[in-house]
Amino acid sequence: SDVIEFPSSIGKVTFTHKAHQELLKDCQKCHASPAGGTIAGFDKDWAHKTCKGCHVEMKKGPVSCKECHKK
Ligand code: HEM
Ligand code: HEM
């Protein structure tokens, strides 16, 4: 899917999957294999490490709670 939504109590996170694919090129930035698919162990801790970690590292993309979690 182009966009994946993750519900959370403080507001849902809208993940632009297709935009990230096109921007990052490398599926294995997030997936164990180049075919992608369900990410084992995907949860809040994974997201705060991998999603937010990359945004910090690239100095691009949301890093504050409210930038990702929208009511
Ligand atoms: C889910 C493929 C790149 C993050 C998926 C799914 C597929 C897939 C087939 C499961 C079906 C779906 O909901 O669409 C790919 C391919 C990629 C790619 C082929 C490269 C061209 C990325 C990148 C990221 C990412 C770069 C992170 C920045 C995710 C997440 C899910 C997902 C978070 C949901 C995982 C879950 O619920 O367990 N991807 N993906 N993907 N992908 Fe990717
Ligand atoms: C931008 C969420 C993982 C790199 C964004 C944006 C959101 C977001 C909401 C704002 C722009 C948009 O909506 O497209 C997420 C989530 C992730 C994730 C929920 C995990 C499932 C990653 C990873 C990387 C990355 C792993 C790098 C390896 C970027 C960059 C931008 C961005 C570079 C800025 C794009 C631009 O301004 O052109 N992300 N992201 N993200 N993300 Fe992520």
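Here are some questions and answers about the surroundings of two ligands in a predicted model.

Q: Why do Thr 16, His 20, Cys 51, Cys 54 and His 55 count as residues around ligand 2?
A: A residue counts as near a molecule if one of its heavy atoms lies within 4 Å of it. Ligand 2 has 17 residues around it, and these five come nearest.

Q: What makes the pair between Thr 16 and ligand 2 a polar contact?
A: An oxygen atom of ligand 2 is 2.7 Å from an N or O atom in the side chain of Thr 16. The cut-off for a pair of N or O atoms is 3.5 Å, so this pair is a polar contact.

Q: How do you know that His 20 and His 55 make polar contacts with ligand 2?
A: For the side chain of His 20, an N or O atom is 2.9 Å from a nitrogen atom of ligand 2. For His 55, a polar side-chain atom lies 2.7 Å from a nitrogen atom of the ligand. Polar contacts are pairs within 3.5 Å, so both histidines qualify.

Q: Which elements give two or more residues to the shell around ligand 2?
A: They are β2 (12-15), α1 (17-24) and α2 (44-58). Among them, α2 gives the most, with five residues.

Q: What makes nine residues of the shell around ligand 2 nonpolar?
A: Each residue is sorted by its type: Cys, for example, counts as nonpolar and Asp as charged. Sorted this way, the shell divides into nine nonpolar, six polar and two charged residues.

Q: Now for ligand 1: which residues come nearest?
A: Of the 19 residues around ligand 1, the nearest are Ser 1, His 17, Cys 27, Cys 30 and His 31.

Q: Why are the pairs that His 17 and His 31 form with ligand 1 called polar contacts?
A: A polar side-chain atom of His 17 lies 2.8 Å from a nitrogen atom of ligand 1. His 31 also has a polar side-chain atom 2.8 Å from a nitrogen atom of this ligand. The limit is 3.5 Å, so both pairs are polar contacts.

Q: What part of Ile 39 makes a polar contact with ligand 1?
A: The backbone does: one of its N or O atoms lies 3.0 Å from an oxygen atom of ligand 1. That is within 3.5 Å, so the pair counts.

Q: How do you know that ligand 1 sits in a pocket?
A: The test is that more than half of a molecule's atoms lie within 2 Å of the pocket's grid points. Ligand 1 sits in the largest pocket, so it passes this test.

Notes:
Residues are numbered from 1 along each chain as its sequence is written. Chains are lettered from A and ligands numbered from 1 in the order in which they are written. This is a predicted model: local features need pLDDT of at least 70, side-chain atom pairs count only at pLDDT 80 or more; totals for chains, interfaces and linings use all residues. Side-chain values use heavy atoms; hydrogens and water are left out. A polar contact is a pair of N or O atoms within 3.5 Å; within protein, one must be able to donate a hydrogen and the other to accept it, and residues adjacent in sequence count only if both atoms are side-chain atoms. Helices (H or I, at least four residues) and strands (E, at least two) are DSSP runs, numbered from the N terminus. On a 1 Å grid over the protein atoms alone, a cavity is a set of points where a 1.4 Å probe fits but cannot get out, and a pocket is an open set with protein on both sides within 12 Å along at least five of seven lines; lining residues have an atom within 4 Å of a point.
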